[in-house]
Amino acid sequence: MLSLEETKRLVDVYRELGTSRPFYMVADLREVTAIPEELRRYLSEHADTKWLQGVIYVGARLAHRAVAKGLLIAAWLIGRAEKSELSKAHFVSTHAQAQELLARLRGATSS
């Protein structure tokens, strides 16, 4: 599990990458049991959905899916995201499915 300091560093990296060119992120949640409230709060207050073209969550449990969608909905409700960004979260079971989906998403955005 990431610490708050590690989360802050990741958000800084995402900001640097995403402000120059939005990117796709693949997050493996298979070993994550819970996301602490302080990390969820930090992400919701400091991460910007505009940095990402999309997020592919691998092995997300129901609770993870709810948190991921909840962060997007919260960003939309407070005006930090467009409604269309609610479709940026994707959920798959395996890395192979993530790679296949990533290829399809990249193909859709390049055409």
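A residue counts as buried when its relative accessible area is under 20%, as exposed when that area is over 50%, and as partly exposed in between. The exercises below apply this to a predicted model.

**Exercise 1.** Classify Glu-37 as buried, exposed or partly exposed from its relative accessible area.

*Solution.* The relative accessible area of Glu-37 is 42%. Buried needs a value under 20% and exposed needs one over 50%, so Glu-37 is partly exposed.

**Exercise 2.** Find which residues are joined with Glu-37 into one network of salt bridges.

*Solution.* Begin with the cut-off, which asks for a side-chain nitrogen of Lys or Arg within 4 Å of a carboxyl oxygen of Asp or Glu. In the pair of Glu-37 and Arg-40, the closest N and O atoms are 2.6 Å apart, and a salt bridge is formed. These two residues both belong to helix H2 (residues 37-46), where they sit three residues apart, about one turn of the helix. Next, Arg-41 also forms a salt bridge with Glu-37, with 3.7 Å between the closest N and O atoms, and this pair lies four residues apart in helix H2, again about one turn. Salt bridges with shared partners therefore join Glu-37, Arg-40 and Arg-41 into one network.

**Exercise 3.** Explain how Lys-8 and Glu-5 are placed in helix H1, and state how accessible each one is.

*Solution.* The side chains of Lys-8 and Glu-5 form a salt bridge, at 3.7 Å from N to O. Because they are three residues apart in helix H1 (residues 4-20), about one helical turn separates them. Lys-8 is partly exposed at 28%, and Glu-5 is partly exposed at 45%.

Note on methods: Residues are numbered from 1 along each chain as its sequence is written. This is a predicted model: local features need pLDDT of at least 70, side-chain atom pairs count only at pLDDT 80 or more; totals for chains, interfaces and linings use all residues. Side-chain values use heavy atoms; hydrogens and water are left out. Buried means under 20% relative accessible area, exposed over 50%, partly exposed in between (1.4 Å probe, protein chains only).
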